[in-house]
Amino acid sequence: MPPRCRVVHIRGMVDGNDQLALISLAKQLYFQRGAERKFDANLESVESALRTSFSQGMPTIIVIEDVHEFVRRKRQLLLYTLLDLMHKKDMLFALIGVTHKADFNISLEKRVVSRLNAQYVHLSPASVERISRDLNGRL
């Protein structure tokens with residue numbers, strides 16, 4: 001059976017900054033080696049891939065592991081940008097933030113919160129792979 005969605009991952013503890021995380025997303029969405037390009041160019045690649053997913057009816061799930069690390073970054077640019085994309089009509093994706101810090105959302109900037117339509121699910125420790133598989137099974 002073909003997959004019903006595409007799952008990509010970025011990791012706050014691994015991707016040292018928002019640019020590296022965006023490059024990682026672009027590489028995973030296009031299944032090719034990404035270049036060290038500017039933030040806007042990588043964002044265009046990610047947007048294009050998400051639009052393609054929408055036109056093909058293939059939802060994308062972006063899993064942000066250690067999301068609290070992205071919250072600690074200046075201006076929370078990546079989080080804001082991804083959440084802002086979710087409000088476009090020609091996008092078909094979900095964001096799942098995974099963290100061990102229950103209070104990470106207290107540190108979110110107001111502009112990030114304004115884009116957030118959050119549903120919090122508290123789970124006992126589980127692997128991201130298991131969570132993705134379980135969520136994919138519910139699609």
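**A walk through the fold, starting at helix H6**

In helix H6, which spans residues 128–137, the buried residues include Val128, Ile131 and Ser132. Looking down the axis of H6, you would find its buried residues within an arc of 100°, so they line one face of the helix. A little helix geometry helps here: an α-helix has 3.6 residues a turn, so residues three or four places apart point the same way. Turn to the other side of H6 and you meet Glu129, Arg133 and Gly137, which are exposed. Please keep in mind throughout that this is a predicted model.

What covers the buried residues of H6? The cover includes three strands: E1 (6–11), E2 (60–65) and E3 (93–98). These strands are a good place to go next.

Strands of a sheet pair through backbone hydrogen bonds, either parallel or antiparallel. Here, 3 strands form an open sheet with parallel pairing, in the order E1-E2-E3. E1 and E3 are the edge strands, each pairing on one side only. On average, neighbouring strands of this sheet are turned by 20° against each other, direction ignored. Helix H1 packs on the sheet, where it touches E1 and E2, and the direction of H1 makes about 160° with that of E1. For a closer look at one pairing, follow E2 and E3, which run in the parallel sense over 6 bridges. If you pick out Ile62, its bridge partner in E3 is Leu95.

Now let us follow H1 to another helix. Two packed helices are described by the angle between their axes and the distance between the axes. For H1 (residues 18–30) and H4 (residues 77–85), the axes come within 9 Å and cross at roughly 40°. That crossing makes H1 oblique to H4. Which residues of H1 and H4 meet? From H1 come Asp18, Ala21, Leu22 and Leu25, and they meet Leu77, Leu78 and Leu82 of H4. By character, the residues of this contact divide into 6 nonpolar, no polar and 1 charged.

Finally, step back to the whole chain. There are 6 helices and 3 strands, and reading along the sequence gives the pattern β-α-α-β-α-α-β-α-α. Of the 139 residues in the chain, 40% are buried. Among the contacts with a separation of 6 or more, 69% are between residues 24 or more positions apart. With that overview, you can return to H6 and trace how strands E1, E2 and E3 help cover its buried residues.

Note on methods. Residues are numbered from 1 along each chain as its sequence is written. This is a predicted model: local features need pLDDT of at least 70, side-chain atom pairs count only at pLDDT 80 or more; totals for chains, interfaces and linings use all residues. Side-chain values use heavy atoms; hydrogens and water are left out. Buried means under 20% relative accessible area, exposed over 50%, partly exposed in between (1.4 Å probe, protein chains only). Helices (H or I, at least four residues) and strands (E, at least two) are DSSP runs, numbered from the N terminus. The arc is that of the directions from the helix axis to the C-beta atoms. Contact means heavy atoms within 4.5 Å. Axes are lines fitted to C-alpha atoms, for helices over the stretch in contact, and angles run from 0 to 180 degrees between N-to-C directions. Angles under 35 degrees count as roughly parallel, over 145 as roughly antiparallel, 65 to 115 as roughly perpendicular and the rest as oblique. Ala, Val, Leu, Ile, Met, Phe, Trp, Tyr, Cys and Pro count as nonpolar, Asp, Glu, Lys and Arg as charged, and the others, Gly among them, as polar. Two strands pair if DSSP finds at least two bridges between them.
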